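Biologist: Could you walk me through reading this model, one feature at a time?
Modeller: Gladly. Let's put it on the screen and begin with the vocabulary.

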Amino acid sequence: MRQILLLLTLPLFYVSSYSQPQLSSNEIIAEGSAKMKVKLDIAVFTLTIDKSDTSEKRAIYKLNVAVDGLGKALNDIGISNSSIKISDYAVSSSYNQQTNRKTYAAANTLKLELEANNKLIDAIFNQIQKAGIQDLDIEFDSKLSDSLEKASRLTLVQLAIEDAKINSLVIAKALDVKLGSVKQVQKSATGTLLHKIETTKFTTPQIKRDVEIMYKTSFDKFELEEVELDEQITVIYTIANS
């Protein structure tokens, strides 16, 4: 998934750069930058179930039944329990002076992160709807995975360095000098040296192959949003002896 998304978004990048001829101890400092639009590749579901009762035990029992039903509904389309994480769990009470009784509220928030695939997202919404779970709030969000962001930034760094190289040649020609070797590569004029960027793989739950998917949400019409990433690089060259 990461590789496909990266290939699709690469044509959207553009490079903008600027350079300033600064000489210090026979050096040329050239700056380069690059930008790229990347489609968010991780979908995030936040599922909150609230149950209340005048008995604390019954409130917790109702909550457990609802959570079990939600888990089973997700299991039926191939999402394992290991992919469902507990984000929050709380039991509280409030006192009603008019009835002179306590009311207990039990709440459980679950979080599910998966591949930002429209069919898979739609299947989850439909499956939850079919389950008929009451007192359930659903929040949907999307984000960029670490692996895709690192891979994209690695590409941006390479583009920005190439941009800085072009600018350094322009500066050298204007000053009638020859570039020497690369002395330093920085993220900015005062930043630290760049290090190797490593990528990590994000394994997402997959939908069962035999599950029939019927679009009933807006995900059959619209795509998830994109984010713009950018990198700025400063390359310091020595000036070669004539």
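Modeller: Helices (H or I, at least four residues) and strands (E, at least two) are DSSP runs, numbered from the N terminus. Keep in mind as we go that this is a predicted model.

Biologist: With that naming, where does Asp176 sit?

Modeller: Asp176 lies in the loop between helix H4 (146-175) and strand E6 (179-186). Its phi is near 60°, a positive value in a residue other than glycine.

Biologist: Is Asp176 buried or exposed?

Modeller: The cut-off for exposed is over 50% relative accessible area. Asp176 has 70%, so it is exposed.

Biologist: Which residue in the loop between H3 and E5 should I compare it with?

Modeller: Look at Asp135, which is found in that loop between H3 and E5. Asp135 also has a positive phi, of about 60°, although it is not a glycine. With 46% relative accessibility, Asp135 counts as partly exposed.

Biologist: And how should I read Asn126 in helix H3?

Modeller: Buried means under 20% relative accessible area. Asn126, in helix H3 (residues 118-131), has 9% relative accessibility and therefore counts as buried. Its side chain makes a polar contact with the side chain of Asp122, at 2.9 Å.

Biologist: Let's turn to sheets. What is the order of the 4 strands in the open sheet?

Modeller: The order is E3-E4-E2-E5, and the pairing is antiparallel. Strand E3 (84-96) and strand E5 (136-143) stand at the edges with a single partner strand each, so one side of each is left without a neighbour in the sheet. From one strand to the next, the twist averages 15°.

Biologist: How many bridges join E2 to E5?

Modeller: There are 8 bridges between strand E2 (residues 42-53) and E5, which run antiparallel. For a landmark in the viewer, find Phe45, which stands opposite Phe140 in E5. Helix H2 packs on this sheet, touching E2, E3, strand E4 (101-115) and E5, and the direction of H2 makes about 150° with that of E2.

Biologist: What is the order of the open sheet of 3 strands?

Modeller: That one runs E1-E7-E6, with antiparallel pairing. Its edges are strand E1 (27-39) and E6; each has a single partner strand, so one side of each is left without a neighbour in the sheet. Here the twist averages 30° from one strand to the next.

Biologist: Which residue stands opposite Leu179, and which helix packs on the sheet?

Modeller: Leu179 stands opposite Ile239 in E7. E6 and strand E7 (residues 226-239) pair in the antiparallel sense over 5 bridges. The helix is H4, which touches E1, E6 and E7, and its direction makes about 145° with that of E1.

Biologist: Finally, confidence. Which elements have the lowest and the highest mean pLDDT?

Modeller: Where pLDDT is low, the predicted coordinates should not be read in detail. Among the elements here, helix H1 (residues 2-9) has the lowest mean pLDDT, at 37, and helix H2 (residues 56-75) the highest, at 96. For the protein, the mean pLDDT is 80, and 75% of residues reach 70 or more.

Biologist: Where does pLDDT stay under 50?

Modeller: One stretch is residues 1-23, for which the model has 55 contacts beyond four places in sequence. Another is residues 189-204, for which the model has 29 such contacts beyond four places in sequence.

Conventions: Residues numbered from 1 in each chain as written. Heavy atoms only, no water. pLDDT = per-residue confidence, 0-100. Contact = heavy atoms within 4.5 Å. Pairing = 2+ DSSP bridges. Axes fitted to C-alpha atoms, helices over the stretch in contact; angles between N-to-C directions. Buried < 20%, exposed > 50% of the residue type's maximum accessible area, 1.4 Å probe, protein only. Polar contact = N/O pair within 3.5 Å; in protein donor to acceptor, adjacent residues only side chain to side chain.
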